[in-house]
Amino acid sequence: MAAVHGPRLAADIYEKLTDEEDARVCRDIPESACRVVPGNFLRVLVSYCCTKLGDALASPKTVLAWLVTAVGAPGFVLGLLVPIRESGSLIPQLLIGAAIRRLPVRKWAWVAGSLVQALAIAGLGLAAMTLSGAAAGWAVIALVGAFSLARGVCSVAAKDVLGKTIPKTRRGQLNGWSAGAAGLISVVVALVVLTPDAGVSDPYRLGSLLIAGAALWVMAALVYSGIREVAGETGGGGNAVRVALGRLAILRDDATFRRFVVTRALLMCSALSAPFYVALAHGLSMDSGAAGASGRGIAALGLFVVADGLGNLVSGPVWGRLADRSSRQVMVRAALVAAASGITVFAVQLCWPALLGSVWFLPGAYFLLCVAHSGVRVGRKTYVVDLGSGNRRTDYVAVSNSTIGVLLLLAGSVGALVPLIGHAGVLGLLALLGLAGAALGRTLPEVQR
């Protein structure tokens, strides 16, 4: 095992971000890769920050939602944005993983995926400026679908490149710093885009915002292309569909991986819960019936976006450091925080409903959820990367993501329960899933040591 080296400036920044010392050694990466860790760490971090900023500028929960409303797209388009964005990138990853595993150097798959995402976001900007009504709606669906597929390519490639270029005890911190930067970016975007005179309802302003966002993916691709990645193992030639379906066997044969996938499925509660907090707050603001209720609703949305950003900003680096010690514990603790937030909202609605209407309560509960979701993401990403190596890691990422993508579409139907139990009732139900995920996560083995 070799000590981490690199150009002085990159090494200094790397040491400050990770508390790295010259005597520390690399783990689970080749000695040749160990010598260029600082430069690779910073390139990956800068690339991730660019794409996170792009994600904030093209968020399906905010900017794209306003876009389809501003251009008069059919109502069903709004409901399809998030499922297409998430599941479209996850479900095909079995096929994507089968293709990427044939590449000895996999950073180029990430670069290509980022360029396709740039084209899709630029297309959304042009659609905002030139189309309206149903035509704009269908264009948005098609472009979000293309973006999502390219995102899936980047997801598989990124985790494999991360496993080949960053030491085992530093991957969580990289994910954590990335999450923290994303939080800061989200706060800035909220303050700029959600101000009353920002013109966010103007399709031309939204189009310009999206085209600017597309440039960030181009910048990310340029930076990422400079990563010094050593050639790795390849395999799995032949028919991609047959190879991909064959990879599903690891769910049957690998008990630890299967338990991780089930745990991750239960931890989807942190992602699925988010819209119900916002919907609950929106309903309360509209129920006031007073003039200006719509404006207060937009202001409330701004508070939620800021809460999301602050949650990632303050918790991401902390979760990252904890994940390098035990990503299993990070998943468990994050699940408990998510469950506590949901149960609290449900209990308050039952026992003290007036508190729900306060300015701070729901954004505060949402902030806790965002802290938890950041931990879930950092913990499960670090765990799956550390769980395997080589092509096994690629298989783990692809199979787990494809499985979760299917389950996400199915679990999204939980919204059908709103007429029966209300938004707070759904949050309470999802909180129970979080508790189950925490309990199952405690049975997972440690992978950091």
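**Exercise 1. Determine how many residues the largest nonpolar core has and which of them make the most contacts inside it.**

Solution. In this predicted model, the largest nonpolar core has 47 residues. Those with the most contacts inside the core are Trp110, Tyr224, Phe257 and Phe260. As to the origin of its members, α15 (293–351) supplies the largest share of this core, seven residues. Another core lies apart from it and has 31 residues, among them Ala265, Tyr277, Leu280 and Leu369.

**Exercise 2. List the residues in contact with Phe260, leaving aside its neighbours within four places in sequence.**

Solution. Once those neighbours are set aside, the contacts of Phe260 are Met331, Arg380, Tyr383, Val384, Ser400 and Leu444. Phe260 is also one of the residues with the most contacts inside the largest nonpolar core.

**Exercise 3. Locate Leu355, classify it as buried or exposed, and describe its surroundings.**

Solution. Step one concerns location: Leu355 is found in the loop between α15 and α16 (361–387). Step two concerns accessibility: the relative accessibility of Leu355 is 14%, and the limit for a buried residue is under 20%, so Leu355 counts as buried. Step three concerns surroundings: beyond four places in sequence, Leu355 is in contact with Val348, Trp360 and Phe361. The C-alpha atom of Leu355 is separated by 9.6 Å from that of Val345, ten residues apart along the chain.

**Exercise 4. Identify the nonpolar patch on the surface and the elements that give residues to it.**

Solution. The patch is formed by Leu336, Ile343, Leu417, Leu420, Ile421, Leu429, Leu432 and Leu435. Together these residues have about 680 Å² of accessible area. The elements that give two or more residues to the patch are α15 and α18 (418–441); α18 gives the most, with five residues. Leu417 is placed in the loop between α17 (390–411) and α18. Patch members need over 30% relative accessible area; Leu417 has 31% and counts as partly exposed.

**Exercise 5. Establish how many disulfides the model contains, and examine Cys49 and Cys370.**

Solution. A disulfide requires two cysteine sulfur atoms within 2.5 Å. By this rule, the count is zero. For Cys49, the nearest cysteine sulfur is that of Cys50, 7.2 Å away, so Cys49 is in no disulfide. The next step is accessibility. Cys49 counts as partly exposed because its relative accessibility is 21%, whereas Cys370 is buried, with a relative accessible area of 6%.

Definitions and conventions:
Residues numbered from 1 in each chain as written. Predicted model: local features only at pLDDT ≥ 70, side-chain atom pairs only at ≥ 80, totals over all residues. Heavy atoms only, no water. Buried < 20%, exposed > 50% of the residue type's maximum accessible area, 1.4 Å probe, protein only. Patch = residues over 30% accessible without salt bridge, like charges linked within 9 Å, V, L, I, M, F, W, Y side chains within 5 Å. Areas by Shrake-Rupley, 256 points an atom, 1.4 Å probe, with all protein chains shown as cover. Salt bridge = Lys/Arg side-chain N within 4 Å of Asp/Glu carboxyl O. Helix = DSSP H or I, 4+ residues; strand = E, 2+ residues; numbered from the N terminus. Core = buried A, V, L, I, M, F, W, Y, C linked by side-chain atoms within 4.5 Å. Contact = heavy atoms within 4.5 Å.
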